[in-house]
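Reader: Please take a close look at one part of this model, beginning with a single site and any enclosed space beside it. Please then set that part in its wider context.
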Amino acid sequence: MPDRIGTRYVPSTQIVSFPHGTLHYGDDVFLTRKVLLYRKALRHNQLGVDYISSLQDKAAFIHDGFHHMLDTSIAQDAVTIILQAKSGSLFAHTMFKRKWTYAAVVAIISDLGVSLLDAMEDKITGFSVRPDNLWLTDQNKLSVINYWEVDEHQEQGAVGLCRLMIQLLTGSETISDTFEVMHTSLERASIPSATTEQKLALIRLIKFICHGQSSLSSLVFGLRSLPPSVPSNPNNKSIKQDELISEETTEVLPTTQYESHTRSTRSAKWIALGSVSALVIGIISVWYLWPEPKVVQTVVIISPTPTSTPIATGSPSATPNAKLTSMNEAAKETEVPNLVGKTQADAEQLALAAGLHYNFVIETSTQAKGIVTKQEPKAGTKGLAGDNVTFWVSKGAQ
């Protein structure tokens with residue numbers, strides 16, 4: 001890959017310096033468009049071709065929650081990754097220029113969590129969710145900039161999102177506490193936009209995550225099941241139930257829906273409770289029903305032979321016993337069972353009995369055919385109903 005910087009891509013103002021490189025605004029001269037240029041200095045004896053080659057799976061990933069790669073350029077001592085330019089600005093530069101309410105923080109972090117879950121489906125993990133690695137678009141959405149470098153655990157995934165939430169709610173530029181006790185920063189802080197119930201519920205969720213007892217999907221479900229915000233009523237007018245629910249949905253729930261092995265849609269039903277006299281209008285009750293999720297199970301054939309081609313097939317698995325009929329049921333705690341050593345059929349039944357969705361991968365192994373050889377997460381991991389568990393099934397030695 002030749003050096004195209006200065007010929008096709010012209011860098012301008014530096015935006016930020018990362019631990020792994022620097023980010024600049026830039027112009028694509030050939031296509032007359034704005035881009036972002038991420039420049040990374042190569043280590044001693046590191047080849048730019050090898051570094052770019054390692055990014056092939058990341059380059060194929062395209063998602064609204066990420067700045068996808070458009071092109072690359074290799075110089076003698078550095079590589080430059082040309083990224084999609086989006087409206088907005090670096091989150092670290094703007095995050096404290098506005099007052100973040102409880103509802104806004106829950107919505108924006110939940111939405112980012114959904115993006116991270118989608119990336120996990122393509123095995124893209126380990127990147128930082130620090131404010132200097134996030135872009136706030138004009139649509140009030142967070143987008144990840146660098147998603148190919150691995151950062152420290154406390155800056156990744158669910159723990160990193162919890163840290164970011166605490167920063168926004170407390171107004172702290174940094175959180176010095178270790179992730180196991182960083183919830184104490186939130187306990188000490190005053191959050192005028194949250195009720196006591198909301199604050200305590202959020203603290204409990206963050207403690208649950210940061211003590212290693214839960215997963216990223218549990219965090220997203222947990223955020224969606226937090227006590228909702230009640231709209232202000234300065235004129236002391238009566239508020240109809242349907243108006244209240246509409247307001248809560250706008251403020252608390254993210255607009256992006258998570259589509260993966262589980263696809264859920266929400267429907268609302270109105271039920272008339274009876275007719276009364278001509279002077280009285282029927283009383284209407286509103287409730288939300290989550291339809292029973294449809295779980296798609298993916299089977300991937302893995303062979304140690306380099307020339308073999310993976311074969312993917314899909315078939316629906318049974319529906320978990322724990323139905324997500326409400327936010328509270330979705331947040332019901334569960335524990336990942338031990339699936340290793342079990343037959344595939346037994347493993348599936350154990351996962352469903354625990355209220356989990358499952359995926360399995362078939363691979364060559366010295367174990368007997370149809371026996372589970374490993375699982376992720378490990379047995380005993382705490383989670384919530386609706387979480388995913390993946391296990392590997394032996395197809396026998398080849």
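Author: Helices (H or I, at least four residues) and strands (E, at least two) are DSSP runs, numbered from the N terminus. S218 belongs to helix α8, which covers residues 216-224. This is a predicted model in which local features need pLDDT of at least 70, side-chain atom pairs count only at pLDDT 80 or more, and totals for chains, interfaces and linings use all residues. Residues are numbered from 1 along each chain as its sequence is written, and side-chain values use heavy atoms, with hydrogens and water left out.

S218 has 0% relative accessibility and therefore counts as buried (under 20% relative accessible area; exposed is over 50%, partly exposed in between; 1.4 Å probe, protein chains only). Apart from neighbours within four places in sequence, S218 is in contact (heavy atoms within 4.5 Å) with G383, L384 and D387. These three residues also appear in the lining of the largest cavity.

A cavity is a set of points on a 1 Å grid over the protein atoms alone where a 1.4 Å probe fits but cannot get out, and lining residues have an atom within 4 Å of a point. Points are joined across faces, edges and corners, and a volume is the space filled by probe spheres set on them. The whole structure holds 3 cavities of 30 Å³ or more, and the largest has a volume of about 60 Å³. Its lining consists of S215, T334, V336, L356, P377, T381, K382, G383, L384, D387 and N388. Strand β17 (residues 382-384) gives the largest share, 3 residues. By class, the lining comprises 4 nonpolar, 5 polar and 2 charged residues (Ala, Val, Leu, Ile, Met, Phe, Trp, Tyr, Cys and Pro are nonpolar; Asp, Glu, Lys and Arg charged; the others, Gly among them, polar).

One lining residue, N388, has a number within the range of strand β18, residues 388-394. β18 pairs (at least two DSSP bridges between two strands) with strand β15 through 7 bridges, and the two run parallel. In this pairing F360 stands opposite F391 of β18. In β15 (residues 357-363), 7 of the 7 residues are buried, so the strand is largely enclosed by the rest of the structure. Both of its faces are covered, with H357, N359, V361 and E363 buried on one side and Y358, F360 and I362 buried on the other.

Other sheets offer context. Strands β6, β7 and β8 form an open sheet of 3 strands in the order β6-β7-β8, with antiparallel pairing. β6 (89-90) and β8 (142-144) are at the edges, each with a single partner strand, so one side of each has no neighbour in the sheet. Helix α4 (residues 102-121) packs on this sheet and touches β7 and β8. β6 is joined to β7 (residues 134-136) by 2 bridges, and S89 stands opposite L136.

In the loop between α3 (91-94) and α4 lies F96, which counts as partly exposed because its relative accessibility is 34%. Not counting residues up to four places away in sequence, F96 touches Q167, G171, S172 and E173. The C-alpha atoms of F96 and E173 are separated by 8.4 Å, although the two residues are 77 apart along the chain.

A further open sheet has 5 strands in the order β1-β2-β3-β5-β4, again with antiparallel pairing. Its edge strands are β1 (9-17) and β4 (69-74), each with a single partner strand, so one side of each is left without a neighbour in the sheet. Within this sheet, 7 bridges join β2 (residues 22-28) to β3 (residues 33-41), and G26 stands opposite V35 in β3.

How values were computed
1 Å grid on protein atoms, 1.4 Å probe; cavity = no way out; pocket = protein on both sides within 12 Å on 5 of 7 lines; lining within 4 Å. Axes fitted to C-alpha atoms, helices over the stretch in contact; angles between N-to-C directions.
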